[in-house]
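Colleague: Please take a close look at a single part of this model and explain how it connects to the rest. I would like one continuous account, with the backbone described before the side chains.

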Amino acid sequence: MGDSCCKGVTLHFIKLVKEAIPGIHVLSLQIGNSIKEDIKNGYFMNVNDQVELVCNILSKDRKLKNGYNALGFSQGGQFIRAVAQRCPSPPMINLITFGSQHQGVYGLPHCPGESSQICDWIRKLLNFGAYRNSIQKHLVQAEYWHDSMNEELYRSKSVFLADINQERGINESYKENLLKLKKFVMIKFLKDSMVDPIDSEVRMQCFDSVYLMVPFGINSCSCITFYKMLLLGQSVL
């Protein structure tokens, strides 16, 4: 939200990956025809359309035909998880998400720099009616807005998050595709000032209060927490 595929922090991470693995093919996903459009779509392009677009991009990259590892930053983390669940070809091998809101948000406390005015406007729309049909279809942040005080409304009206978290019913293909991942790592930023609640970064939920996570190990330096997943009561990964 408010950043781009091809500048700033994203370029820094790409540089780190290329330095660590010389010769690696890196595809940084741009949603739109320009950096400006990419940033705009992070606010106003329906997430389901974004996921479909990414699936098409990945399917056309011949260098990925035998599989790829995926990194997702902030809201891009739950979006790329949806790619893993919905688009098994080419196969995603490993998935790492950084500060992503897998169980949604119920607050928009801070936005960086130039995005602050846009975020103020988005906050007003979310407060006005996050689950109104017109807002759900066109405001990205509304599509992973999770009102824990009104779960029934959330599950019935959420056009994206409730679907990929299997909160309206069981989609067996989602389960099967997620099980194909060798590793799924969710990284939580301890001092994140944008995600509310912050535990959404390392927590996924499936069917009522059955959580999709069990602690596997913690690196105290970076607070990288690995999780074994629980899908419908079955211990996996």
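**From one loop outward**

Modeller: In this predicted model, S74 is found in the loop between β1 and α4. The backbone there deserves a check, because S74 has a positive phi of about 50 degrees although it is not a glycine, and its relative accessibility of 23% makes it partly exposed. Strand β1 covers residues 68-73, and helix α4 covers residues 75-86.

Leaving α4, the chain enters the loop between α4 and β2, where P90 is found. The peptide bond from S89 to P90 is cis, its omega being near 0 degrees. Strand β2 then covers residues 92-98.

Next, the packing. β1, α4 and β2 are among the elements that each give two or more residues to the largest nonpolar core. That core has 41 residues, and the members that touch the most others are V83, M92 and F160. The remaining elements with two or more residues in the core are α2, α3 (47-60), α5 (116-129), α8 and β3 (183-187). In soluble globular proteins, nonpolar side chains tend to be buried together. M92 shows what such a position touches: leaving out residues up to four places away in sequence, its contacts are Y68, A70, I80, V83, A84, K180 and L181. V83 is therefore on two lists, as a partner of M92 and as one of the three core residues that touch the most other members. Aromatic rings add a further set of links: F13, F73 and F98 are joined into a cluster by ring pairs. A search of the whole structure gives 8 aromatic pairs.

What holds R86 of helix α4 to another part of the chain? R86 forms a salt bridge with D163, with 2.8 Å between the closest N and O atoms. D163 lies in helix α8 (residues 161-164), so this bridge ties together parts that are 77 residues apart in sequence. Neither partner is buried: R86 has a relative accessible area of 25% and D163 one of 24%, so both count as partly exposed. The total number of salt bridges is 2. The other joins R155 and E151 at 3.8 Å, N to O, and it is a local one, because these residues are 4 apart in helix α7 (residues 151-157), or about one helical turn. E151 is partly exposed at 24% relative accessibility.

The two bridges have a common neighbour. R168, in the loop between α8 and α9 (172-179), touches R155 and D163, along with S156, S158 and A162, when residues up to four places away in sequence are not counted. R168 is partly exposed, at a relative accessible area of 45%. From R168 to Y154 is 14 residues along the sequence and 9.9 Å in space, C-alpha to C-alpha. The loop between α8 and α9 also holds Q166, which has a positive phi of about 60 degrees and is not a glycine. On this point Q166 resembles S74, which has a positive phi of about 50 degrees. Their surroundings are not alike: Q166 counts as buried, with 8% relative accessibility, whereas S74 counts as partly exposed.

For contrast, consider a place at the surface. Helix α2 (residues 35-44) contains F44, and a nonpolar surface patch of about 270 Å² is made by F44, I118 and W121. F44 has a relative accessible area of 32%, so it is partly exposed, and it also takes part in one of the aromatic pairs. Its partner is Y43; the centres lie 5.9 Å apart and the planes are at 45 degrees, a tilted arrangement. Y43 is buried, at 1% relative accessibility.

Finally, the chain as a whole. It has 9 helices and 6 strands, and 44% of its 237 residues are buried. Of the contacts between residues at least 6 apart in sequence, 63% join residues at least 24 apart; the bridge from R86 to D163 likewise ties parts that are 77 residues apart. The exposed area is about 12,400 Å², with 56% of it supplied by carbon and sulfur atoms.

Methods: Residues are numbered from 1 along each chain as its sequence is written. This is a predicted model: local features need pLDDT of at least 70, side-chain atom pairs count only at pLDDT 80 or more; totals for chains, interfaces and linings use all residues. Side-chain values use heavy atoms; hydrogens and water are left out. Patches are made of residues with over 30% relative accessible area and no salt bridge: like charges are joined within 9 Å, nonpolar side chains (Val, Leu, Ile, Met, Phe, Trp, Tyr) within 5 Å. Accessible areas come from the Shrake-Rupley method with a 1.4 Å probe; for residues, only the protein chains shown count as cover. A salt bridge is a side-chain nitrogen of Lys or Arg within 4 Å of a carboxyl oxygen of Asp or Glu. Buried means under 20% relative accessible area, exposed over 50%, partly exposed in between (1.4 Å probe, protein chains only). Rings of Phe, Tyr and Trp (its six-membered ring) pair if their centres lie within 6.5 Å; planes under 30 degrees apart count as stacked, over 60 as edge-to-face and the rest as tilted. A nonpolar core is a set of buried Ala, Val, Leu, Ile, Met, Phe, Trp, Tyr and Cys residues joined through side-chain atoms within 4.5 Å. Contact means heavy atoms within 4.5 Å.
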